[in-house]
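User: I would like a close look at a single part of this protein, explained for someone in the first year of study. Please set that part in the context of the whole chain as well.

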Amino acid sequence: MPKIADAELAAELPSPTHPEAVAATPDLKRDPRQAPKAPASIAAAAALFAASNPLQAQTPYVPSGTGSPGPGLPNTNLPADYNLTGVLGDETFDTFGCKVWKASPATPDWQQASVYFERKFYEKNDFQLPNGGRITIWGFEDTLKSKGQNIYPSPIIRVSEGDMVHVKLDQKKGTHTIHHHGIEPTTMNDGVGHVSFEVEDTYIYQWQPRHAGTWFYHCHKNTPVHFEYGMFGLLVVDPPKIRFNGYDRVPAFKGGPIYDVEAFWVADDMDPRWHTMHQEAGLCGEDDGLNVFRPQYFFISGIANTQTMTSTKVAVNARLGDKILIRLLNASYGVLALTFEKLDVEVISVDGHSLGGPEKPWNRPFTIPKGQTIHLASASRYDLLIDTAQLGATLAANLVDTVRFEFQDWVTRKVHNATSSSAWQRGLASTTITVRRPA
Ligand SMILES: [Cu+2]
């Protein structure tokens, strides 16, 4: 059903598949009793694997940024009147955010960008749902790299540590902002409407990332409503390239692991009632029912839960010996529970910040054993590393791990609509990680 969403994503996120993993022919007839015994440790297994498979590093995966090279966009808007920033006049708890400065100022302290992006508000009224229905979504169109495509979630912003980044918001209906979540730029560039301004027409957000990891960006005007409509996308910051085994590679963070396969899993739930609200719903104290959230549809990276098992945008393919990095964002309004059936998973970063490594000696990564459930709160990110060398130097047959997602109510912790007779309505999704043995 969500063919459109799938096709749109095809132009966006790389498929979490090592090219050679698909080409390799599975040999399911091999007698498992002849397989050498797996070494005691993952490190020993990896060493043995590398020694026996010289092809391992011949086509290394190297991620690349998604922006355009500088010097960026001219700063032609008129200077800001700082006396007007934030909320206007007297505000109460109920009406906070009701009267906010709306403007299109020039970017203060503007500098030439090393990389820049354009994001234009879109409204799409025919987003296809897994039960055949349609819903309205909002998002950010990348007018430089995928013009005319209404991609959900919005296109990834991928930059490198130390880049001077410009993101131009072009907005044609009401007011919106872009908050680059966790990046912590100056107040005017933080995109939180009620402490600075909402963008009436255009604005160039300027910021400089300092920490490699997985972040996200979203509209921060009437955030519960605009985020629910779909105004968010992943934001990935890469560390500098390093030379490894004769190739340029990009580790997860400075001093962190190098990976061969990269997957992006963004979990989201939709309550169709919320997709009929107006832009300012509830902002001026009116009761628009924002205290009631009853999601009916569930997605991983824009793919409906009925399609995630087989979608090439969600299911992961790797070769034995590969390291898989999964960048996981819980964009739902509940608790996301995630269980890997057969693979141990190492959490190497939380909310954009690495665990361990030379820059974070005060903490360390931790392992979630197979079968044990990981829980994420709303807006949380986990970077999950799976070293397939844990399976040993040989595999009797390809290993297929089933990964199960549960969308839980944030208060009752029950799976949404768990007893529904329709699979699409249950807050459940599954996908697979396939590890292929050497051909
Ligand atoms: Cu918005």
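How many residues of strand β24 (residues 381-387) are buried, and why is the strand described as largely enclosed?

Analyst: The model is a predicted one. Six of the seven residues of strand β24 are buried, and the strand is therefore largely enclosed by the rest of the structure. A residue counts as buried here if 20 or more other C-beta atoms lie within 10 Å of its own.

The pairing of β24 may be considered next. Strand β18 (residues 323-330) pairs with β24 over seven bridges, in the antiparallel sense. Within that pairing, Lys-323 has Asp-387 in β24 as its bridge partner. Strand β20 (residues 345-350) also runs antiparallel to β24, and four bridges join these two strands. Leu-384 in β24 stands opposite Val-347.

It is useful to place this strand in the chain as a whole. The chain contains 26 strands and four helices. Of its 439 residues, 44% are buried. Contacts between residues at least 6 apart in sequence can also be examined: 77% of them join residues at least 24 apart.

Burial leads to the subject of the nonpolar core. In soluble globular proteins, nonpolar side chains tend to be buried together. In this model, the largest nonpolar core has 86 residues, and those with the most contacts inside the core are Leu-234, Trp-265, Val-266, Ile-300 and Ile-324. Strand β14 (residues 261-270) gives the most to this core, namely seven residues. Both domain 1 (3-59 + 249-436) and domain 2 (68-242) give residues to the core, so the core lies between them. Ile-300 shows what such contacts involve: leaving out residues up to four places away in sequence, Ile-300 touches Trp-265, Val-266, Ala-267, Thr-308, Val-314, Phe-405, Ala-429 and Thr-431.

Two further residues illustrate burial. Leu-338 has its place in strand β19 (residues 335-340). This residue counts as buried because 22 C-beta neighbours lie inside 10 Å. Apart from neighbours within four places in sequence, Leu-338 is in contact with Thr-373, Ile-374, Val-403 and Phe-405. Leu-338 and Val-403 are 65 residues apart along the chain, yet their C-alpha atoms are separated by 7.0 Å.

Ile-183, by contrast, is found in a loop, the one between β7 (179-181) and β8 (198-199). Ile-183 nevertheless counts as buried, because it has 22 C-beta neighbours inside 10 Å. Not counting residues up to four places away in sequence, Ile-183 touches Trp-207, Pro-209 and Trp-215. From Ile-183 to Phe-216, the distance is 9.2 Å between C-alpha atoms, with their positions 33 residues apart in sequence.

Strand β7, which borders that loop, also belongs to an open sheet of four strands in the order β5-β11-β10-β7, with mixed pairing. β5 (154-160) and β7 stand at the edges with a single partner strand each, so one side of each is left without a neighbour in the sheet. From one strand to the next, the twist averages 25 degrees. Within this sheet, β5 pairs with strand β11 (residues 232-238) in the parallel sense over five bridges. Arg-158 has Val-236 in β11 as its bridge partner.

To return to the part requested, β24 has six of its seven residues buried, and β24 pairs in the antiparallel sense with β18 and with β20.

Note on methods. Residues are numbered from 1 along each chain as its sequence is written. This is a predicted model: local features need pLDDT of at least 70, side-chain atom pairs count only at pLDDT 80 or more; totals for chains, interfaces and linings use all residues. A residue is buried if 20 or more other C-beta atoms lie within 10 Å of its own, exposed if 12 or fewer, and partly exposed in between; C-beta atoms are placed from the backbone. Two strands pair if DSSP finds at least two bridges between them. A nonpolar core is a set of buried Ala, Val, Leu, Ile, Met, Phe, Trp, Tyr and Cys residues joined through C-beta atoms within 7 Å. Domain bounds come from an automatic or database domain assignment. Two residues are in contact if their C-beta atoms, placed from the backbone, lie within 7 Å. Axes are lines fitted to C-alpha atoms, for helices over the stretch in contact, and angles run from 0 to 180 degrees between N-to-C directions.
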